[in-house]
Amino acid sequence: MVGNVSRAAIISDRRITGLSAEVIAELVAELCPLWHERHQARLASRQRKRAVGAGAKHRLVFVDRLLATLVHLRHGATHDVLACWFGVDRSTITRAVGEVWPLLAERGCTVSPGVRLRTLAEVVDHLGSAGRTGIVDGTEIRVRRPAAGRKDRDKFISGKSKQNAVKTMVLTDGDGRVLFCSPAKPGSCADITHARQLGLVKLLVDGPSVEILADAGYQGLGAQTGGRVVTPPHRKFKKNAPDWYKEMYERQRKAHSSRRIRVDHGIAHLKNWRALTRHLGRREHMSDTVQAVAALLSHQQTAGLTSARQM
């Protein structure tokens, strides 16, 4: 267990956790009661020979459990290293990380103090009510190669990167603030297929009028959504195009790209967390990892905007 001085040094240095001390304090105040409630429920759910509360006490308090999870997500530190750092057994760190990151994933993306978006439907409604433009794109995260003989082994091979990967759909606003990260799908899934499976087309057709910018991987959704999904202009002439058409096409393509680039900035902020650069854990946990990092990043972005407005 780290001492008070070491704990204060970890919290005060944003390079270690990726979050400010104020955001960490808010996370502790919000998640500690939830963690304690779930922990007590697990203890009471099984047959016991001793009363709840008997036996050895926790050596790793909740603040340290949260800090260990943040360092693991931010820097990809192994559980062995964290165990040496916090002075506990490796299994304690593994259990702590496994308990905390689902709590982070369930928080959703923070758009303003007290307002969070957890589903794609809530994001579409938020953009429609605020009259803002959304930007969507897919990103791949490298994962371990599935074991030989597994039936769905080839599904994880990405046709784009030629590597074993999972794919998630990221939706940001016009400023690049992360509003939604989808559950992970195998890397062979096309961007447009992933969007359809998530129900984006139905939400845009039945929901409010929202403009969604997308790249060429989503061409076809514009016709299905009544023009709500805007993709780069289609190149009409592939050969022997007139000079005026080439100039017009490049001008339109660059204008669309300059508006859509914000989603790449949002994805870059996500990839600053080492757990999303290359995931070395179980592929089944990838969805919780992506959504936990998105929740942390959006909370930090909202806190930074709020403090900037107050200055």
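The following questions and answers walk through a predicted model of one protein chain.

User: How many helices and strands are there in the protein chain?
Analyst: The chain in this predicted model has 311 residues, of which 43% count as buried, and its C-alpha trace spans about 80 × 60 × 35 Å along the principal axes. Among its contacts with a separation of 6 or more, 65% are made by residues 24 or more positions apart. As for the elements of the chain, the count is twelve helices and eight strands.

User: At roughly what angle do the axes of helix H3 and helix H4 cross?
Analyst: Two packed helices are described by the angle between their axes together with the distance between those axes. Helix H3 covers residues 21–44 and helix H4 covers residues 62–75, and their axes come within 10 Å. The crossing of H3 and H4 is right-handed, and its angle is roughly 115 degrees.

User: How many residues of the contact of H3 with H4 are nonpolar, how many polar and how many charged?
Analyst: From the side of H3, the residues that take part are Ile24, Leu27, Val28, Leu31, Cys32 and Trp35, and from the side of H4 they meet Phe62, Val63, Arg65, Leu66, Leu67 and Leu70. Sorting the residues of this contact by type gives eleven nonpolar, no polar and one charged.

User: Which kind of aromatic pair do tryptophan 85 and phenylalanine 86 form?
Analyst: A search of the whole structure finds four aromatic pairs, and in the one formed by tryptophan 85 and phenylalanine 86 the ring centres are 5.7 Å apart. The angle between the two planes is 50 degrees, and because the tilted class takes in what is neither under 30 degrees nor over 60, the pair of tryptophan 85 and phenylalanine 86 is tilted.

User: Is phenylalanine 86 buried or exposed?
Analyst: Its partner in the pair, tryptophan 85, has a relative accessible area of 37% and is partly exposed. Phenylalanine 86 has a relative accessibility of 1%, and because the cut-off for a buried residue is under 20%, phenylalanine 86 counts as buried.

User: Which residues form one aromatic cluster?
Analyst: Tryptophan 244 and tyrosine 245 form an edge-to-face pair, with 5.9 Å from centre to centre and 90 degrees between the planes. Tryptophan 244 counts as exposed at 56% relative accessibility, whereas tyrosine 245 is buried at 8%. The aromatic cluster is made up of Trp244, Tyr245 and Tyr249.

User: Over the ring of which residue does the charged end of arginine 283 sit?
Analyst: An arrangement of this kind is found where arginine 74 lies over the face of tryptophan 273, at 5.1 Å from the ring centre. For arginine 283, the charged end is 5.2 Å from the centre of a ring, and that ring belongs to phenylalanine 156.

User: Where is phenylalanine 156 found?
Analyst: Phenylalanine 156 counts as buried, at 8% relative accessibility. Leaving aside neighbours within four places in sequence, phenylalanine 156 is in contact with several residues, including Pro146, Arg150, Pro186, Gly187 and Arg283. Its place along the chain is the loop between strand S3 (134–142) and strand S4 (165–173).

User: What is the value of phi of lysine 162, a residue other than glycine?
Analyst: Lysine 162 lies in the loop between S3 and S4, and at 62% relative accessibility lysine 162 counts as exposed. Its phi is positive, with a value near 55 degrees.

User: How far apart in space are proline 102 and threonine 289, C-alpha to C-alpha?
Analyst: Proline 102 has its place in helix H6, residues 90–105, and is buried with a relative accessible area of 19%. Not counting residues up to four places away in sequence, proline 102 touches Val97 and Asp288. Although proline 102 and threonine 289 are 187 residues apart in sequence, the distance between them in space, C-alpha to C-alpha, is 8.1 Å.

User: What separates the C-alpha atoms of proline 208 and valine 124?
Analyst: Proline 208 lies in the loop between helix H9 (200–206) and strand S7 (212–213), and is partly exposed with a relative accessible area of 26%. Not counting residues up to four places away in sequence, proline 208 touches Val124, Asp125, Gly128 and Arg228. Proline 208 and valine 124 are 84 residues apart along the chain, and their C-alpha atoms are separated by 7.5 Å.

Note on methods
Residues are numbered from 1 along each chain as its sequence is written. This is a predicted model: local features need pLDDT of at least 70, side-chain atom pairs count only at pLDDT 80 or more; totals for chains, interfaces and linings use all residues. Side-chain values use heavy atoms; hydrogens and water are left out. Axes are lines fitted to C-alpha atoms, for helices over the stretch in contact, and angles run from 0 to 180 degrees between N-to-C directions. Helices (H or I, at least four residues) and strands (E, at least two) are DSSP runs, numbered from the N terminus. A crossing is left-handed if the near helix is turned anticlockwise from the far one by less than a right angle, and right-handed if clockwise. Contact means heavy atoms within 4.5 Å. Ala, Val, Leu, Ile, Met, Phe, Trp, Tyr, Cys and Pro count as nonpolar, Asp, Glu, Lys and Arg as charged, and the others, Gly among them, as polar. Rings of Phe, Tyr and Trp (its six-membered ring) pair if their centres lie within 6.5 Å; planes under 30 degrees apart count as stacked, over 60 as edge-to-face and the rest as tilted. Buried means under 20% relative accessible area, exposed over 50%, partly exposed in between (1.4 Å probe, protein chains only). A charge sits over a ring if NZ of Lys or CZ of Arg is within 6 Å of the ring centre and within 35 degrees of the ring normal.
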